[in-house]
Amino acid sequence: MTDASPFISQALGLAAQALFLSNPNPRVGCVITSDAGAVLGQGFTQQAGGPHAEVMALRDAAARGNDVRGATAYVTLEPCAHQGRTGPCCDALIQAGIARVVASVADPNPLVAGQGFARLRAAGVAVEAGPGAAETRELNIGFFSRMVRGMPWVRMKAAASLDGVTALGNGASQWITSPAARADGHAWRARACAVLSGIGTVLEDDPLLNVREVATPRQPHLVIVDSRLQTPPGARLFDVADRQVLIYAAQGEAQAAEALRARGATVVVLPNARGKVDLPAMLRDLARRSVNELHVEAGHKLNGSFLREGLVDEMLLYQAPLLLGSGAHGLASWGPLQALSDGVRMEFHSVRQIGPDLRVVARVAGRADF
């Protein structure tokens with residue numbers, strides 16, 4: 001029997017090509033091979049509503065004139081078993097005559113969750129699972145988070161000097177890090193389902209908050225935390241086409257809300273007891289709206305609120321080889337803490353030099369254990 005490892009690795013490489021494309025669906029790759037190990041077809045999941053990886057691989061095989069009856073399909077996630085905007089992939093594999101399926105991991109979606117494997121086995125298809133499981137889960141950390149926890153994976157991005165300054169006391173922050181770091185940051189924006197910022201950033205900078213530095217087939221949604229509905233209807237963020245703008249408020253002043261809705265925004269009122277936006281409730285609402293990865297690019301006050309409430313899963317920090325001194329803003333305003341043990345314990349996930357700067361990805365300890 002052919003070793004699964006190289007074909008699962010190939011399928012993982014295909015899945016990575018869906019990084020900017022498939023949201024909110026998982027990033028999945030599929031390779032179909034003969035018993036002799038010849039690749040008959042391959043593919044990866046397309047935009048939401050488009051074909052999944054298995055169907056793309058079957059189409060590729062047909063386009064090459066290859067017969068897949070009796071073949072093996074290597075796929076990075078359990079083939080789906082439910083009817084959504086596309087049909088069940090397990091049925092497509094069965095109908096094509098696939099004899100064996102090797103999948104990295106079971107789908108955490110309750111609508112699938114083993115049913116794809118069960119339907120394949122019931123049809124006489126041999127099923128194996130396991131190779132590439134960790135890599136598949138990592139590539140789809142937001143999808144797994146939404147399905148298992150009912151919350152998006154929250155990634156907080158910041159650019160800072162070596163002494164932790166994100167903006168001078170007068171607010172100047174453009175640009176602490178290099179063009180290479182900014183382009184890399186846009187790639188992380190592009191992989192997210194939604195980018196989040198606060199009203200302070202909107203009023204101070206009038207940003208677009210879109211993906212510009214890298215090519216992307218889709219723009220992530222935009223989320224604005226705006227307790228008092230101060231977002232100007234003429235803000236530049238409304239000038240970006242083909243994305244949804246969600247504004248979360250603590251009060252729903254009718255005239256302001258109507259003006260924002262006229263610009264195409266969805267206004268959601270979710271107050272907490274302090275008259276601010278209920279951030280945990282907002283995250284649950286975003287999960288219901290199919291947001292897998294939430295990319296937070298906010299000011300020090302909103303960053304502090306996310307950290308204070310324990311809502312950050314991962315930090316994406318770019319550090320420039322630069323010292324900016326005292327009297328400036330740090331990446332988050334929270335505390336003061338009374339003991340070192342009260343801090344947020346994190347684990348380095350990756351450290352890499354990007355141009356002259358350093359990119360650090362750190363995760364809250366134990367947060368990915370779901």
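**Close-up views of rings, a cavity and a pocket**

**View 1. Arg137 sits over an aromatic face.** Arg137 lies over the face of Phe370, at 4.5 Å from the ring centre. Like every view here, this one comes from a predicted model. Is Phe370 buried or exposed, or something in between? Its relative accessibility is 23%, so Phe370 counts as partly exposed.

**View 2. Phe143 and Phe144 meet edge-to-face.** Welcome to the aromatic pairs, of which the structure has three. In this one, the ring centres of Phe143 and Phe144 are 6.4 Å apart. Their planes stand at 80°, over the 60 degrees that edge-to-face requires, so the pair is edge-to-face. Both Phe143 and Phe144 are buried.

**View 3. Trp153 and Phe370 form a tilted pair.** Here we return to Phe370, the ring that has Arg137 over its face. The centres of the Trp153 and Phe370 rings lie 6.3 Å apart, and because their planes are at 50°, the pair is tilted. This contact links distant parts of the chain, with the two positions 217 residues apart. Trp153 belongs to strand E6 (residues 153-161), while Phe370 is in the segment after strand E14 (357-364). How accessible is Trp153? Its relative accessibility is 0%, so Trp153 counts as buried.

**View 4. One cavity is enclosed in the structure.** Searching the whole structure turns up one cavity of 30 Å³ or more. The volume of the largest cavity is about 40 Å³. Which residues line this space? They are Asn23, Asn25, Pro26, Arg27, Leu139, Asn140, Ile141, Gly142, Phe143, Asn292 and Glu293. You may recognise Phe143 from its edge-to-face pair with Phe144. Helix H6 (residues 141-149) gives the most to this lining, with three residues. By class, the lining residues of the largest cavity are four nonpolar, five polar and two charged.

**View 5. The second largest pocket also draws on H6.** This pocket holds about 380 Å³ of space. It is lined by 23 residues, and those closest to its centre are Asn25, Pro26, His52, His82 and Asn109. Two of these names, Asn25 and Pro26, also appear in the lining of the largest cavity. Which element gives the most to the lining of the second largest pocket? That is H6, with three residues. Sorted by class, the pocket lining has nine nonpolar, nine polar and five charged residues.

How values were computed:
Residues numbered from 1 in each chain as written. Predicted model: local features only at pLDDT ≥ 70, side-chain atom pairs only at ≥ 80, totals over all residues. Heavy atoms only, no water. 1 Å grid on protein atoms, 1.4 Å probe; cavity = no way out; pocket = protein on both sides within 12 Å on 5 of 7 lines; lining within 4 Å. Points joined across faces, edges and corners; volume = space filled by probe spheres on them. Helix = DSSP H or I, 4+ residues; strand = E, 2+ residues; numbered from the N terminus. Nonpolar A, V, L, I, M, F, W, Y, C, P; charged D, E, K, R; others polar. Phe/Tyr/Trp six-rings, centres within 6.5 Å; stacked < 30°, edge-to-face > 60°. Buried < 20%, exposed > 50% of the residue type's maximum accessible area, 1.4 Å probe, protein only. Lys NZ or Arg CZ within 6 Å of the ring centre and 35° of its normal.
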